[in-house]
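This report describes the fold of a single protein chain at two levels, a sheet and a helix. The sequence and the structure are shown below.

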Amino acid sequence: MPPGAGYTVTMFLVDVSPSMATTRTLNLTPGPNGEPRTKQVTHLQWSLQFAMLKIQEMIFNGRKTDQCGVILFGTEETNNIVNRKDGGYDHVTEFIRIAQPNADTLAKLATLEASNVTGDPVDAIVVGSETVHQYLGTKRTWTGKLVLLTDGESPIQVEKWEAIAKNVKGFNHRLIIVGVDFDDDEIDFHEEEKSHIKRENEIFYHRFTAAIPNSVIGTLSFVLQEVTKPEIKQTRSALIATTLRLGDPDNHPLEALEIAVKTSKCTALARPQSWKRFAPRESKPTNAMDVDSAPTKDGDEDGVEDAKRIVWAQLRMRTEYHVRHDDQDEDEGNEDTMDVDGVKKRGAKVEKEQLVRGFKYGSSYVPCPDEQFAKLSTHKGISICGFFNADNFRREHSMGEVQYVWANPDSPPQQIALSSLVKAMDKLNMFAIARWVTRDDMEPKMGVLSPCQFEKVDCFLWVQMPFADDVRKYTFSPLRNLLNRKGETVTTHPYLPTYEQMEAMDRFVDAMDLMEAGEKDDDGNRSSWFDTRLSYNPAIHRMKQALFHGAIVQNLAADPLPEPHPELTKYLEPPKEVLEHAKEAIDGCRTAFAIKKVPKRVARPRKNDHARAQDDDNEILLLDRVAPSTHSQTRSHSKPEASGSQSQRQASPSVVKQAIPRRDDDSATEPESDEDVWLPSSKKRAKLPTPSPEPAIVTDPQRAPGRIIGMAAPLADFKHNISQGDVVSKAVEDLGWVVKEVVLRPFAGRRHAELITCLNELREVCLQEDEIDAWNSILRELKMECTKEPANPAFWGEMKKHKGDLGLITTSEAARHGGKSNILDSSAEEFWSD
């Protein structure tokens, strides 16, 4: 069976001698403009990064079988089990006892500082090994691991190191030594101007680790890079007992076969770490009689800060049921039909025990209490329904995760029976169709059993497959079959590729072949460039790296997130050798398809012979209008005054030539005029106001008080607020309110296309930011507002045309994005039908 993970105690041995206070400069991620950034850290702080990252890995995995402790050497005091028992081993302190790590473990490590006393690392190894051995006295299946973090500048007593190494080996402990600037031949790193004591200590460390099996030594810089390397999370799945059946043991027991088996997970779906949502808790008014919550006397700054302190609380989902009466029922006087245990008041709370499941039938609901309909009677077990050739297996039809099917490990006859069946199916190249029922009277699952042979054990691999009704077969007309309006076949058209274009594309596809773009093997043959076993999900591992970095760094602005590990990004870009090899084919495609760069179209200013009056309704419709600057506002206010001067001084020869810029709200059918508008001015030209060097603050007059989304440019406002990251819920709520407000206003038909775009963006954000319930609520309210009188049924008709993109978020769709929804697929379809 596959090996389990965990069951390990890791003891970190940290050197806090005075030499660990030496500072060094580390290079950080370049700044926003590419400027180099650095920071100063001590050797102790740099070494603790490795320990904190490994401990954070244990916290992230959450396994109770991953435990750790911390022992310091070089401390002024002495506190360890060996000293208390036999004496000696001074300046070695058990800092953190062995236990499952948590956030307090990281907080304690962050407080460590170098001392003024030198410690012996060999003493720390003896104390650490003895501590782990005593802790694992009753845990036979557990293993111990010692991790020594040092800079190698402390003196070492090496008289009895062979006996110490033999003792560590006898305890079956593994030793890992991580040194600051230790020489490493594998990465070709050698420290210059190394002290004599450090050079001798490194030689001793290599001899010491060579005497202990599975022990290694490495330099800290390389180890910190490797600790961020993405790794597959391994878990030990629990074995679940069931029965594998072949034939009908109930009716034909002599012709049937039953094998006691146990199942476990082979693969498990991994998702990025979910985020918890917090909000400021509403503070209660301070009671003058409440001694604990009341602030201190005036002038006490601590009391004032405590009174203004904001408490953040985690948001948790809570479901309540309330009565909602339809307006139609109230108008018809049918309020009695809505009676729920005597509760008729709109909005009254109803307990879940009072509810009865119902199914929609037409425009009404049919109550269906539990256990009213008989369930399919099924029996627990895996039943083989038939066999088919393995070549006919459709991999694209496999669903869900893969399961192991093992024979009962405590029954040799069952193991022989299952192994015989596995070997027979493998010899005949056959797969089996199996029906799996996890518990009695549970819904069955159909799947495929595939024979799998390991070195010492045989088993089956089971994967779920769809039912026949779940597979949809769609037929499409060939892309090269193009017909005109008369029904005649068109052979020459821009949509139809020519022979030269087909040949050019074939050469390009062949040139981008990755099957022989990898490294060469021992025989000189190139392997495939892409290996699924070495390809990692960037969303999972980059998020994990960000979480780990944020947990061990106090100031993210001064110490930003480092670059991702090369193993995580190596498959994001095609290999350079293949691109160079395909350059000729790419140029051929450019020539065959006549690919040209399309310049960006610049709108030409339009000159009009009239100005349009301002109107409240029109202001709402002009969403793409740019807010005027201070200078343009000054000119617009001066127009009536200039017009008045024209009526008073028509004979004045002094005029000012001024062109009115194009407005986006001008009609597209108006003819363009090449004539400019001439506005007369007085003889004494007034000085124009000097613009302020500071940018003018332009407020949105169409943004309601308390809203962060305006009606003038809702989509732009929404994207801007979403980019801030901390007002997602408010932005979703306000955009839904703006859409409902604009839909019910006059002349809303001009904005239907824009509102559809806003809803598309809103649904996508709700799906990604776990605002699924908010989207479903907004869509229901929008439907109610559009369908009642007076309303906008035309807009709802436009919505139905896009129901594939704007529907309710169902349970299955939410699960694909890591969210939750209580909307079934059938309910989402019925939402558009009535």
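Two strands count as paired if DSSP finds at least two bridges between them. In this predicted model, six strands satisfy the pairing needed for an open sheet, in the order β5-β4-β1-β6-β7-β8, and their pairing is mixed. The edges are occupied by β5 (92–99) and β8 (216–219); each has a single partner strand, so one side of each lacks a neighbour in the sheet. From one strand to the next, the twist averages 15°.

**Strands and helices of the sheet region**

At one edge, β8 runs parallel to β7 (residues 173–179), and four bridges join the two strands. Within this pair, V178 is positioned opposite G218 of β8. Helix α7 (residues 220–227) packs on the sheet, where it touches β7 and β8. A second helix, α4 (residues 121–135), lies across β1, β4, β5, β6 and β7. The directions of both helices are compared with those of strands below.

| Helix | Reference strand | Angle between directions |
|---|---|---|
| α4 (residues 121–135) | β1 (8–15) | about 160° |
| α7 (residues 220–227) | β8 | about 100° |

**Helix α18 and F718**

Helix α18 spans residues 714–724 and contains F718. The buried residues of α18 include P714, L715, D717, F718 and N721. Seen down the helix axis, the buried residues of α18 fall within an arc of 160°, so they line one face of the helix. H720 and S723, on the other side of α18, are exposed. The buried residues of the helix pack against α19 (728–743) and α20 (752–768). After α18 comes G725, which has a positive phi, near 90°.

F718 has a relative accessible area of 0%; because buried means under 20%, this residue is classed as buried. Apart from neighbours within four places in sequence, F718 is in contact with I709, A731, V732, L735, E761, L762 and V765. One of these, E761, lies 43 residues from F718 in sequence, with a C-alpha to C-alpha distance of 8.9 Å.

**The chain as a whole**

The chain has 25 helices and 25 strands. Of its 834 residues, 32% are buried. Among contacts in the chain with a separation of 6 or more, 69% are between residues 24 or more positions apart. The accessible surface of the chain comes to about 55600 Å², and carbon and sulfur atoms account for 51% of that surface.

Methods:
Residues numbered from 1 in each chain as written. Predicted model: local features only at pLDDT ≥ 70, side-chain atom pairs only at ≥ 80, totals over all residues. Heavy atoms only, no water. Buried < 20%, exposed > 50% of the residue type's maximum accessible area, 1.4 Å probe, protein only. Contact = heavy atoms within 4.5 Å. Arc of directions from axis to C-beta. Areas by Shrake-Rupley, 256 points an atom, 1.4 Å probe, with all protein chains shown as cover. Axes fitted to C-alpha atoms, helices over the stretch in contact; angles between N-to-C directions.
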